[in-house]
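Hi,

Here is the structure I said I would pass on. Have a look at it first, and my notes follow below.

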Amino acid sequence: MNRRGFGCALCALAAMRAAGAQTLSEFVEPGHRPPPDTDEGGLWGLMDRAERDLKTSRFVVRDRALNAYLREVVCRLGKDHCPDLRLYVVRTPQFNASMAPNGMMQVWTGLLLRCVDEAQLAAILGHEMGHYLRRHTLERYRDARDKSNFGAFLSLGLAVAGVGLAGTVANLALLASTFAYSREQEHEADRIGLELMAKAGYTRIAAAEVWEQLIAELAAGTVERSQSVLFATHPEPEERLGALRAAAAQAGGAEERGLERHRTGLAAVRELIVRDELSLRQYGRSEVVFDRLLAQAPGDGLLWYGKGEVYRLRAEPGDLARAMEAYARALESREAPPDTHRSIVMVELKQGDKARAQAALDAYLRAKPDAADAGALRMLLEQ
Ligand SMILES: [Zn+2]
């Protein structure tokens, strides 16, 4: 990171500290770009620098089809603001999205995995756009300045620039909680998000579903609520869930879900995202996620493989049998990853059935003739 450059943006902010209170106009105008000598301009400068770093990060997922799909959703929701918004997919297996005041949005891959369809994704993006349209970060900044938390805010700004690039999840949660929007701002973003969804033709109940799913996942998980990035940034999920449900129930409205578009858009990165989820070894929550997705797509081979992996890796009593059942379901579909056979080899070996392990290895090598671990697996079988 270019510290010197960063420092200058901070200077611009510091210079504005003495400026009197300014009233925020209603919504950000399309094409808005604040003058650099204002506090808003300073904040934008800071985020522009963070964005330059993000652009070259190896954690940004650059798959074309995925980014084109996401761009479409952003423009469908954002309409005239579409040219002012830029969305980056960051490879982190957690549910989170963020919006910077300069129009830089981030969604983490863990969030993409958890959205069942395009309408649910639109619910998140619409909410984040609400923060942008009402300049919530600037509001928070001015609030911090008035309360003399200015130093904390600045060091936070520096740290925010590194989000998704380095810090551990625990650090991110801590950071996010410091940077959290107020309760009123969250409610306002929810309201705006619902409005954008309705105008774009998405079913608004999807917003409530996202929260329902997350609450269920957290209840099944082993991670403390206070350590969750999402719940640090978004307090009182149960309360918001109620409000979102009530709002969606009011008018009939649009019905669009976009299940197939969502699946096609993610197709090239789904396996990577599933593997990242498994790498966290939080089996309770992963099981909830895969079960939910399978309820919508019962023939999805990749999801059945993921579910099988949850059981194989957890290896509690009865899990190996559950894993084998899930692999069998995976192999009924054409999308089962070749590694499904590899996992069957491992389970059969654990259960001591060499003949079946050999059969699974043969199937694995037919599906993946250039497998790098072929030799190692053969040696395992010969032992
Ligand atoms: Zn929010």
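Is Arg275 buried, partly exposed or exposed? It counts as partly exposed, because Arg275 has 15 C-beta neighbours inside 10 Å, and a residue needs 20 or more to be buried and 12 or fewer to be exposed. Before you read too much into any of this, bear in mind that the model is predicted.

Staying with that residue for a moment: Arg275 sits in helix α14. Its C-alpha is 7.7 Å from the C-alpha of Gly306, although 31 residues separate Arg275 and Gly306 in sequence.

That brings me to the helix pair. Helix α14 (residues 270-279) packs with helix α16 (residues 301-314) at an angle of about 20°, and their axes are 10 Å apart. The two are therefore roughly parallel to each other, since angles under 35 degrees count that way. As for handedness, α14 and α16 make a right-handed crossing. On the α14 side the contact uses Arg270, Glu271, Val274 and Leu278, while α16 brings in Leu302, Gly306, Glu309 and Leu313.

Just past α14, have a look at Arg281, in the loop between α14 and α15 (283-296). Arg281 is not a glycine, yet its phi is positive, at about 55°. It counts as exposed, because 11 C-beta neighbours lie inside 10 Å of Arg281. Lys79 is another non-glycine with a positive phi, in this case about 45°. You'll find Lys79 in the loop between α3 (64-78) and β1 (86-90), and with 12 other C-beta atoms within 10 Å, Lys79 is exposed.

Now for the inside. The largest nonpolar core has 81 residues, and the members that touch the most others are Val73, Ala122, Ala123, Leu125, Met129, Ala206 and Ala207. Helix α5 (residues 118-133) supplies the largest share of this core, with nine residues. The core also reaches into both domains, drawing at least three residues from each of domain 1 (3-250) and domain 2 (269-382). If you want one residue to click on, try Ala123: leaving aside residues up to four places away in sequence, Ala123 touches Gly193, Met197, Ala206, Ala207 and Val210.

Finally, the overall numbers. The protein chain has 20 helices and three strands. Its length is 383 residues, of which 42% count as buried. Among contacts with a separation of 6 or more, 69% are between residues 24 or more positions apart.

Cheers

Note on methods:
Residues are numbered from 1 along each chain as its sequence is written. This is a predicted model: local features need pLDDT of at least 70, side-chain atom pairs count only at pLDDT 80 or more; totals for chains, interfaces and linings use all residues. A nonpolar core is a set of buried Ala, Val, Leu, Ile, Met, Phe, Trp, Tyr and Cys residues joined through C-beta atoms within 7 Å. Helices (H or I, at least four residues) and strands (E, at least two) are DSSP runs, numbered from the N terminus. Domain bounds come from an automatic or database domain assignment. Two residues are in contact if their C-beta atoms, placed from the backbone, lie within 7 Å. Axes are lines fitted to C-alpha atoms, for helices over the stretch in contact, and angles run from 0 to 180 degrees between N-to-C directions. Angles under 35 degrees count as roughly parallel, over 145 as roughly antiparallel, 65 to 115 as roughly perpendicular and the rest as oblique. A crossing is left-handed if the near helix is turned anticlockwise from the far one by less than a right angle, and right-handed if clockwise.
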